Amino acid sequence: MNKPPRRSRRGAVRVGFVGAGNVLPAYLQTLDRLAARGWAEAGAVVARSEASRARLASLRPGVRAVAGVDDLLEDSDVEVVVVLTPPATHPELVRRLLAAGRHVVCEKPLANDAGTAGALFEAAESAGLVLLSAPFVHLSPTFRRLWSVVADGEIGEVHAARAHYGNPGSTWARWYHEDPLATLGDVGIYNLKSLVALLGPVREVTAVAATALPERRSAEGDSYAARDPDTWQLVLRHEGGALSSVLASHATYAYRRPAIELYGTAGTANLLGDDWDPRGLEVWREGAQAWELREPDDATWLWTDGLREAVTALRTGRAPLANPALDMHLIEVIAAAGRSAELGGPVSVESGFDPWVELRLEEAAPGHHVHDRTRPADEQ
């Protein structure tokens, strides 16, 4: 969205949620930070079952838990709705919320095909509404610092990169393991968004997939056969000529390595930690012959930052830092990876996006002692 969004009311931005699953607590933490500054306030949470509503009430006394979206929309003061339901439900929910005049923050993926996602972005744009699609790795100041390092040529021209993100998979929701592209849409999409933001659009994908864990177990202890791949290896050829690789896995128990490593003609740069939880940068410049550690620009940053971005955009009247063309490109890259794995060879990607120069960070402010890593620097 390139236009400033419109608001329907003054004061704190009221935020509602659809979905009360395992990611809701992280978003509520972001909401609490915003509420502490008077920027946002809690609306209702849609939880389908009586059991989940009771559980939510016990964990968060005072919460207004409702059974359906109609109940949420009865509150005309709710301006932003965060969609946290299973991926298959996202397009219709987002379409309905936009039609009701609500700004939307949607967990990934927004849709399974770029055409559907594009129609949703167009609907939001024409209505003057915010639609932000996770993941939000690009909002991290530490990631934006890495983007600036690459864009400024500190390590020369990047010709290759590697990335990895994985976890053991889910016991709380079977849909994580019941879609052919579920692993790419759930964990691979983080690295893919980081790499395309850093290195530009993907022109060709070569992918292979396998099932490492043939049996899965639900939260209730029942076992079931895993019918779809849980481990993917991707090689991407970017528009500028760089090659990158991604390991995306729902069968990784632990790892210890940088989230992303970029290899340039004059050095190397690492993003420490995960790209959804960055811990700083390391930069090797051949001329200096030494690794330089750069601490996180904001050690309090959370992967739910799309909510903060939506609220801030509404309060300040500015366009949010988002790139729908990049988000649609990601969906096409994931689809191309699926076709590549089926065909056993490379698959081309036609879509693209303009360089995202808005990601540049200016020179960092002078360092100071951080007393509380739950609060950003301007609150110390």
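Here is a short conversation about how some descriptions of this predicted model are reached.

Reader: Why is N323 called buried?

Author: Happily, that one is quick: N323 has a relative accessibility of 11%, and buried means under 20%, so N323 counts as buried. N323 sits in the loop between α8 (305-316) and α9 (324-343). Not counting residues up to four places away in sequence, N323 touches F353, D354 and W356.

Reader: What makes G118 buried or exposed?

Author: The relative accessible area of G118 is 8%, and the cut-off for buried is under 20%, so G118 is buried. G118 belongs to helix α5 (residues 114-127).

Reader: How do you know that β7 and β13 pair, and in which sense?

Author: Pairing asks for at least two bridges between two strands. Strand β7 (residues 158-166) and strand β13 (residues 260-264) have 5 bridges, in the antiparallel sense, so they pair under that definition. For instance, the bridge partner of R162 in β13 is E261.

Reader: And what makes β7 and β12 a pair?

Author: The test is again at least two bridges. β7 and strand β12 (residues 243-249) are joined by 7 bridges and run parallel, so they too satisfy the definition. Here R162 stands opposite S245 in β12. As for its surroundings, β7 is mostly covered, with 7 of its 9 residues buried.

Reader: Why are β16 and β17 called edge strands of the sheet?

Author: Let's follow the order of the 9 strands in this open sheet, β16-β15-β14-β13-β7-β12-β11-β8-β17, with mixed pairing. β16 (290-294) and β17 (347-348) each have a single partner strand, so one side of each has no neighbour in the sheet. Elsewhere in the sheet, strand β14 (residues 267-274) and strand β15 (residues 277-285) are joined by 7 bridges in antiparallel fashion, and N270 has E282 as its bridge partner in β15.

Reader: What makes you say that α9 packs on this sheet?

Author: α9 touches β8 (202-210), β11 (231-238) and β17, where contact means heavy atoms within 4.5 Å. The direction of α9 makes about 50 degrees with that of β8.

Reader: Which residues touch the most other members of the largest nonpolar core?

Author: Of the 76 residues in that core, they are V15, F17, V205, L234, L236, L262 and L307. Helix α7 (residues 182-199) gives the most to this core, with 10 residues. Leaving aside neighbours within four places in sequence, L307 is in contact with several residues, including V15, F17, Y27 and V105. Apart from this core lies another, of 25 residues, among them V18, V81, C106 and A124.

Note on methods:
Residues numbered from 1 in each chain as written. Predicted model: local features only at pLDDT ≥ 70, side-chain atom pairs only at ≥ 80, totals over all residues. Heavy atoms only, no water. Helix = DSSP H or I, 4+ residues; strand = E, 2+ residues; numbered from the N terminus. Buried < 20%, exposed > 50% of the residue type's maximum accessible area, 1.4 Å probe, protein only. Core = buried A, V, L, I, M, F, W, Y, C linked by side-chain atoms within 4.5 Å. Axes fitted to C-alpha atoms, helices over the stretch in contact; angles between N-to-C directions.
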